Amino acid sequence: MSKSKQLKLGAFMRPVSIHTGAWRYPGALPDANFNFPALKKFIQKLEQGKFDAFFMADHLAVLNMPINALKRSHTVTSFEPFTLLSALASVTEHIGLVATASTTYDAPFHIARRFASLDHISGGRAGWNIVTTANPDAALNFGLEEEMEHDERYRRAREFYDVVTGLWDSFADDAFIRDVEAGIYFDPDKLHVLNHQGKYLSVRGPLNIARPIQGWPVIVQAGASEAGRQLAAETAEVVFAPAGNLEAGKALFADIKGRAQAIGRDPDSIKILPGALVIVGETVAEARAKREHLDSLVHYESGIASLNSALGYDVSGFDPDSPLPEIPQTNAGRSSRERVVALAQRENLTIRQLAQRIGSYGGLAFVGTPQTIADEMEQWLNEEGSDGFNIMFPFLPEGLNDFVDEVIPELQRRGIFRKEYEGKTLRENLGLARPANRFFQPTAALTS
């Protein structure tokens, strides 16, 4: 009997909840974003639940909102990802550590060096979420007057990926011989100097760190625009892109895997893991009541600011009880704008209603009992809507504990989620191959 399909599960922590009202929920930790002892307990609970990865998003600017809205946001402060994940690596053994790093506002050498270091520190558990950064305020923090044009950001990201992965291949896997008797630390014939000269980047190399344990840290990508999907098809191994319902998920799944196959990649080498907010109750009614209470904690000032940010356009001057007006294309993230406009049209929402939804969380959500949530996840898996999910917890620690203690056992009972980790590295647990070094052939000792 063949083994059933297996869900892959990441935890999208940001570094805790994406929901704007999460910090105000009864029993939640208001300072969880900046509370290391709490974050340590969270990741250890995730590892107890056999999650594939702890996924930390990042912001390179305080969110571009009016101060009256910004003062209500729990994401105004959080740890720098590499510092936090390096610390969390020392208190975990199996769970992957995925960090967001921008191709627009950082240098390839920095990115390559940090992720190689994290991969070695963690024993092969690092992952890089490639983002192009759409917040215009981030540009102001890096000496620019305005952000780079959308498609130009993605063209730069594609070259950036080639440079970073080339730097990771600077040394052969067996370059460091450390021959004490002969006094030879590494074999210079197994060192490659990249000498990259491209449209956007000029990087000599080599990287001054041994090749990562995984060869390359796992490549994650979240863009859902045309440019984002193409970048994912060409580079990503995990795709964290939004899908609001099963039909949208199936379309995204088929599109990205189809693009990958068209350029010669194995579609199974890409895991599609859309984000999903999960709220667990003893009954469906109880779970819905939790969601309703959680959403009620989002102030309209915060909601309208989140809506403006998602649209890349200020609609606060319009009648809040009128329909969403025609929204011009801006330089903001296109997939988020299109998703919000489609939601407003599909459900005939006013600006006020839309702000409430977006200000809380307007994406895919599983709200119900452990059994109904498992039913939905199993359907997505079997109907090729996804390979799994990046779980978003509504409030912590309760929401995380509910999922690990109640939903995970139900998924395990159905045989669609692991009871033990399959390997030592993030790649092994995700079922991803270790990439070959493009500049050096492996020796017989390494392939045997």
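**Reading the empty spaces of a predicted model**

Guide: In this predicted model, the lining of the second largest cavity consists of nine nonpolar, three polar and no charged residues.

Visitor: How is empty space inside a structure found in general, and how many cavities of 30 Å³ or more does the search find here?

Guide: Rolling a probe the size of a water molecule over the atoms shows where empty space is left. Searching the whole structure in this case yields two cavities of 30 Å³ or more.

Visitor: Which residues line the second largest cavity, and what is its volume?

Guide: The second largest cavity holds about 70 Å³ of space. Its lining includes Val16, Ser17, Ala22 and Trp23, together with His74, Phe395 and Leu396.

Visitor: Which residues lie nearest the centre of the largest cavity, and which strands and helix each supply at least two residues of its lining?

Guide: The largest cavity has a volume of about 90 Å³. Of the 13 residues in its lining, Ala53, Val98, Val238, Leu273 and Asn390 lie nearest the centre. Strands S1 (8-12), S2 (53-56) and S7 (218-221) and helix H15 (426-430) each contribute at least two lining residues. By class, this lining comprises ten nonpolar residues, two polar and one charged.

Visitor: Turning to pockets, what classes of residue form the lining of the second largest pocket?

Guide: The lining of the second largest pocket has nine charged residues, two polar and two nonpolar. This pocket has a volume of about 300 Å³. Among its 13 lining residues, those nearest the centre are Lys5, Gln6, Lys271, Leu381 and Asp387.

Notes
Residues are numbered from 1 along each chain as its sequence is written. This is a predicted model: local features need pLDDT of at least 70, side-chain atom pairs count only at pLDDT 80 or more; totals for chains, interfaces and linings use all residues. Side-chain values use heavy atoms; hydrogens and water are left out. On a 1 Å grid over the protein atoms alone, a cavity is a set of points where a 1.4 Å probe fits but cannot get out, and a pocket is an open set with protein on both sides within 12 Å along at least five of seven lines; lining residues have an atom within 4 Å of a point. Grid points are joined across faces, edges and corners, and a volume is the space filled by probe spheres set on the points. Helices (H or I, at least four residues) and strands (E, at least two) are DSSP runs, numbered from the N terminus. Ala, Val, Leu, Ile, Met, Phe, Trp, Tyr, Cys and Pro count as nonpolar, Asp, Glu, Lys and Arg as charged, and the others, Gly among them, as polar.
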